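Trainee: Could you walk me through this model before I set anything up with it?
Mentor: Gladly; let us have it in front of us.

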Amino acid sequence: MKRFLLPLVIFLTVVGFLAVGLKLDPREVPSPLVGKPAPMFNLPRLDNPEKTISPKDLLGQVWLFNVWASWCGACREEHPILVALSKSGTVPLYGMDYKDTRQDAQQWLEQGGNPYIASAMDTDGRVGIDYGVYGVPETYVIDKAGVIAYKQIGPVTEEVLRDKILPLVKRLQTQ
Amino acid sequence: MKRIFRLTAVFCFLLAINAWAQEASAGEARPLQENAAVEAQVQRLSEELRCLVCQNQTLADSHAELAEDLRQEIRGMAAKGMSDQAIIDYLVVRYGDFVRYRPPLKPSTLMLWFGPFALLLAGVVGLIVMLRRRAKQAADAPLSVDEANKVSELLNKES
Amino acid sequence: MIPEIGHFALILALLVALIQGSFPIIGAARGNAVWMGLARPAARAQFLLIAVAFLCLAYAFATMDYSVTYVASNSNSKLPLQYRIAAVWGGHEGSLLLWAMILSIWTVSVSFFSKHLPDAMRARIIGVMGLISIGFLLFMLTVSNPFERLIPAAMDGRDLNPLLQDPGMVFHPPMLYMGYVGFSVAFAFAIAALLGGELDAAWARWSRPWTTMAWVFLTTGIMAGSNWAYYELGWGGWWFWDAVENASFMPWLVGTALIHSLAVTEKRGSFKAWTVLLAICAFSLSLLGTFLVRSGVLTSVHAFATDPRRGLFILAFLVVVIGGSLVLFAWRAPAIGRGGKFDVVSRESFLLANNVLLAVAAISVLFGTLYPLFLDALGLGKISVGPPYFDTVFAPLMAPALFLMGVGPIARWKQSALPELAKRLRWAFGVSVATAIILPLLLGHWTPMIGLGLFLAFWIFGTSANLIYQRLRGPELPLMTRIMSPSRSWWGMVVAHLGIAVFTLGVTVVKGFESEIAVRMQTGDVAHLAGFDFTFEGVQEIEGPNYSSSRGQIRITKNGVERTVLMPEKRVYTVQNMPMTEAGISPSIIHDLYASLGEPLDGGAWSVRIYHKPMVEWIWVGCLMMAFGGLLALSDRRYRMKNRIKATGSGNAAEVSV
C-alpha cells in the first residue's frame with residue numbers, strides 16, 4: 001500500500017521546489033567575488049586620461065563602484081537615483097565606463113548629470129571580466145579594507161537602495 | 001653605376017618572386033586563427049562554458065559581445081600555455097560555477113553525478129528482488145473439482 | 001469583430017468543457033445513461049467551438065489585424081503568408097490555443113472511435129479529457145488571452161522571431177503537440193480504469209492504439225525539432241539537452257515504456273499497476289513541460305515570454321491534475337491485482353527491466369534539468385547543467401536498455417532460459433564486438449564511447465537479423481508469403497528497433513568522427529576537409545521578402561570533379577534587426593557537408609566554418625523508422641476487429657481472445 005504513495009510524495013516534493021522557483025530568477029548570476037578583495041586595476045580616468053585610478057587609492061573608506069555605459073538603456077533608469085545619491089553625500093560613488101568611447105561617455109554624463117567622483121575607462125572590458133561583469137549596469141559596495149561586500153545586478157532602484165545598499169553602507173562605515 | 005644596376009635587378013627579381021609566391025598561395029584559405037593547437041583548446045573549452053548573457057548557449061555558439069570577449073580572453077590564456085583546468089578556474093573565480101556546463105564535483109553536486117547511477121542500481125536490485133519473490137510464491141493453486149470439470153468440458157468442445 | 005467571435009467561442013467552449021468534465025463522470029459513477037450520453041456531443045461541440053476560435057485567430061493573422069495584441073507581437077506586413085499562419089502558434093497565447101485545439105481533436109476522435117468501449121468507460125475518458133480542457137481554456141481566458149485588443153492598433157507588427165520563419169516551424173510544433181497532448185488519451189484511459197475498477201487486458205487493448213499514435217507523433221515531432229535545429233542554427237548541432245528539449249524527451253521515454261508495458265498487460269494481464277502509473281506519468285511530464293516553458297523557472301531558448309501569474313496558474317493546475325491522479329492511483333492501485341506468473345528469466349521480466357531502465361532514464365533527465373533549480377532554491381549556489389553532464393550520464397544509462405532490446409524479443413513468455421538465449425545470441429554478440437573494435441581502428445580513431453555505441457548498434461542489427469531469419473525461414477513458401485505471415489505488430493516492433501539501431505549508429509559515428517575547420521576565405525580561395533575541396537566563389541547581396549541577405553557560394557569538388565554547390569547565407573531580418581545564419585548543406589547517406597558564413601572580414605573576405613558530418617542523416621532516418629514501426633503496429637489487423645467486438649455487446653468489459 002505504502003509504495004503506491006511514493007509517486008505522489010515525489011511529485012509534491014518537486015512541486016514544492018517549482019513553487020519556490022517561481023520567485024527565483026534563473027538568469028541571475030550571483031557573484032563569487034562577494035567577500036573577496038576587489039580585483040586590482042589601474043585604469044585611465046574619464047575626465048583626465050593622463051591620470052589613473054585604482055582601488056588602492058580608495059582604501060580606508062566605504063565606496064560604491066558602478067559599472068555603466070552610454071549605450072546602456074537600463075543605466076538611464078538608475079541614473080537619476082545615483083545623481084540624487086551623490087548629492088546626498090552619504091557614500092562616495094565611483095564609476096567604470098564599460099566598453100565605451102570617451103566622447104560618448106562624456107556627452108552622456110553632460111546630458112544626465114555626473115554622480116561620480118571619478119570614472120575609470122574600461123575600453124576593452126577586461127577589468128569588467130575581472131569583476132565578473134556580465135551585463136551593465138552593475139554596482140558593487142566595497143568596504144574600508146577593499147573587500148566587496150555586495151553586488152547589485154541590474155539597475156539600482158529606490159527599494160534596493162533603501163533596503164539593501166544604504167543599511168549595508170551604514171554598517172560598514174561604523175566598522 | 002653597374003652596382004646600382006645590379007642592385008635594382010636583384011631587387012626587381014625579389015619583388016617578382018614575392019609576387020609570384022603570393023599569387024600561388026592566394027588560392028589557399030587560411031585558418032581564422034594561426035595556432036591550430038591553441039584554437040582547438042579554445043573551441044573545446046568554449047563548448048563547455050556558458051554564455052552568461054544568452055538564453056542557454058555555449059560560448060562557442062554565441063554571437064554576443066561578452067561571449068566574443070570571453071573567447072578572446074580564453075585564447076590569450078591558451079596561448080600562454082594555461083591548462084584547461086586553469087582556464088576554467090580563472091572564469092569560475094569571476095563568474096562562479098554557473099559558467100560551467102559540466103557541473104563541478106563538490107558536496108552539493110554529489111547527488112547530481114551519482115544519483116542516476118544509484119537510482120539505476122536501486123532499480124535493478126529492486127527488480128531482481130521482486131522477481132525472485134514472485135517466483136517463490138506458492139505455485140498456482142490446484143483447480144477445484146468444479147473448475148477441473150469445466151476445463152475438460154471446454155477442452156472437449158474444442159476438439 | 002472576428003477576434004471577439006473567437007473570444008466568445010472560447011468562453012462557450014469552456015462552458016461546454018465544464019459540462020463535459022462533470023456530467024459524464026458523475027453519470028458513470030451513478031449509472032445514469034443520460035448524463036453519460038452527454039460525453040460525445042459535448043466533445044464534438046467543444047471541438048467545433050475551439051476550431052472556430054482557432055480559425056478566428058488565423059484569420060486575424062492572415063488579414064494582418066494589428067489591433068489584436070498577439071498578432072501585433074508576432075507578425076508583420078512583410079511576413080509571407082505561410083509564416084503568418086504558423087505565427088498563430090509562434091507565441092505563448094496562440095500556442096495554448098493550439099494545445100486546446102489539438103486536445104479537442106483527440107477528444108472528438110475518441111468520441112468517434114469508441115463504439116466498442118463500454119458506455120461508462122467512454123464517458124469517463126471523455127470526461128477526464130474535458131477536465132483537462134477546462135484547465136487550458138480557463139488559463140487562456142484569465143491570463144493568456146490570444147484575442148486581447150491593442151488600442152490604439154499598431155501600425156505594423158513586431159514580426160515573428162526570425163528563427164521561426166522556416167518550414168520546420170509549420171511542422172514541428174503541431175507534430176509535437178499531437179504527441180504531448182495525445183498522451184492525454186492514455187492518461188484518460190488510465191484514470192477511467194482506476195475510477196471504474198476494471199483494469200484488464202481489454203482495457204490495455206483499447207488503450208494501445210491511442211498511445212502508439214501519440215508516441216508516433218511525438219517521435220516525429222522531436223525528430224523534426226532536432227533536424228530543424230541542425231539546419232537552422234548554423235553550427236551543426238542537433239541536440240542541446242535544453243530544458244524544453246528535455247521536456248519533450250521525458251514523455252517520449254516514459255511513453256516508450258508505456259507502449260511496452262501495455263503490450264504485456266494486453267497479452268499477459270501483468271504489469272497493470274506499472275502501466276497505469278506510466279500512463280499517468282507520461283501525460284504528467286507533458287504538462288510539466290508546459291509549465292517549464294512558460295513559467296520562467298528555467299532558462300531556455302524555447303521559453304515563451306514569462307509572467308509569474310501564468311506560472312502559478314499552471315502549477316496549481318499541475319497539482320490538481322497530477323496530484324489528483326496520483327492520489328487516485330495510491331487509493332485504487334492496491335486493488336488492481338497481479339497478473340499471470342512469470343519466471344525470473346522470461347520475456348515479462350525483460351520488459352519489466354525495460355520499464356525500470358526507461359523510467360530511471362526519464363527521472364535522470366528530469367533530475368538534471370531541475371537540479372540547478374533545486375540548489376538555487378536551497379540557497380546552495382547557482383550551477384549550470386548542460387550537454388557535458390547529460391552526454392556523460394545518459395549514454396551509460398541507456399546502454400543496458402539497448403542491450404536488452406536484443407534479448408527481449410527472443411525470450412519466451414512466462415519462462416525462458418538464459419543458456420538457450422545466450423546460444424541464440426552468440427553470433428550477434430560476436431559480430432557486434434568485432435565491429436566495435438575493428439571499424440574505428442579502420443577509420444583511425446577509437447574511444448570507449450565509440451566502441452560502446454558501435455557495439456550496441458550492431459548488437460541490435462545482429463539480433464534483429466537473427467530474429468527475422470528465425471521467423472521467416474521454414475516451409476518452402478514464396479518469400480512474400482513468408483514476409484506477410486508475421487503480424488504487422490511484429491514487423492512494427494522489428495522496424496522500430498532497427499530504427500533505434502540506425503539512430504545509435506548515426507549518433508556514434510557523427511560524434512566520433514566529425515570534423516570542422518574555421519577559415520578566412522576570399523573569392524577564389526580553397527579550403528580542404530575530409531578529402532574534399534571547398535572553393536569560395538564570393539558573396540552576393542540579395543533581398544528577401546522581409547530580410548536582406550549575403551549569400552555565399554561554395555563549390556565542392558573532389559579530385560577536380562565537381563560534386564555540388566553550397567549556398568550559405570547570412571540574413572538580417574529587417575523588422576527585429578536580427579541576424580540569422582542559413583547553413584549551406586549537402587546531405588547524403590554517407591555524410592553531410594555543411595558550411596556557414598561567419599562575419600565579413602577586411603578585404604572582402606569572409607570567415608567561414610565548414611563541417612564534415614559523417615552519417616548524421618542516419619539520426620533522423622532512425623527516428624523516422626521508429627515512427628514508421630509504430631504506424632505498422634497501429635495498422636495491425638486486430639485493431640480492425642473492433643467491429644466484431646461491438647457485435648458481442650457493449651456495456652461489459654468482455655475478455656476478447658487475442
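**A kinked helix, then the chains**

Mentor: Helix 5 of chain B has a kink of about 30° centred on Pro116(B), where the bend is the angle between axes fitted to the seven residues ending at a residue and the seven starting there; helices (H or I, at least four residues) and strands (E, at least two) are DSSP runs numbered from the N terminus. Please keep in mind that this is a predicted model, in which local features need pLDDT of at least 70, side-chain atom pairs count only at pLDDT 80 or more, and totals for chains, interfaces and linings use all residues. Residues are numbered from 1 along each chain as its sequence is written, while chains are lettered from A and ligands numbered from 1 in the order in which they are written.

Trainee: How many residues does helix 5 of chain B have, and how far does it reach?
Mentor: Helix 5 covers residues 110-136, which is 27 residues, and spans 37 Å from first C-alpha to last, close to the expected 39 Å, that expectation being 1.5 Å times one less than the number of residues.

Trainee: Which residues in helix 5 of chain B are buried?
Mentor: Leu112(B), Pro116(B) and Leu120(B) are buried, meaning that 20 or more other C-beta atoms, placed from the backbone, lie within 10 Å of a residue's own (12 or fewer is exposed, in between partly exposed).

Trainee: And what do the buried residues of helix 5 pack against?
Mentor: They pack against helix 13 (347-377) and helix 14 (387-407) of chain C, a contact being two C-beta atoms, placed from the backbone, within 7 Å.

Trainee: Switching to chain C, what secondary structure does it have?
Mentor: Chain C has 20 helices and 10 strands, and 55% of its 658 residues count as buried.

Trainee: Where is its largest nonpolar core centred, in terms of contacts?
Mentor: That core, a set of buried Ala, Val, Leu, Ile, Met, Phe, Trp, Tyr and Cys residues joined through C-beta atoms within 7 Å, has 268 residues, and those with the most contacts inside it are Ala186(C), Phe189(C), Val254(C) and Val276(C). Its largest share, 18 residues, comes from helix 8 (residues 167-196) of chain C.

Trainee: What does Ala186(C) touch?
Mentor: Leaving out residues up to four places away in sequence, its partners include Trp210(C), Leu258(C) and Phe283(C).

Trainee: Back to chain B, how much of it is buried?
Mentor: Of its 159 residues, 21% count as buried, and its secondary structure comes to six helices and one strand.
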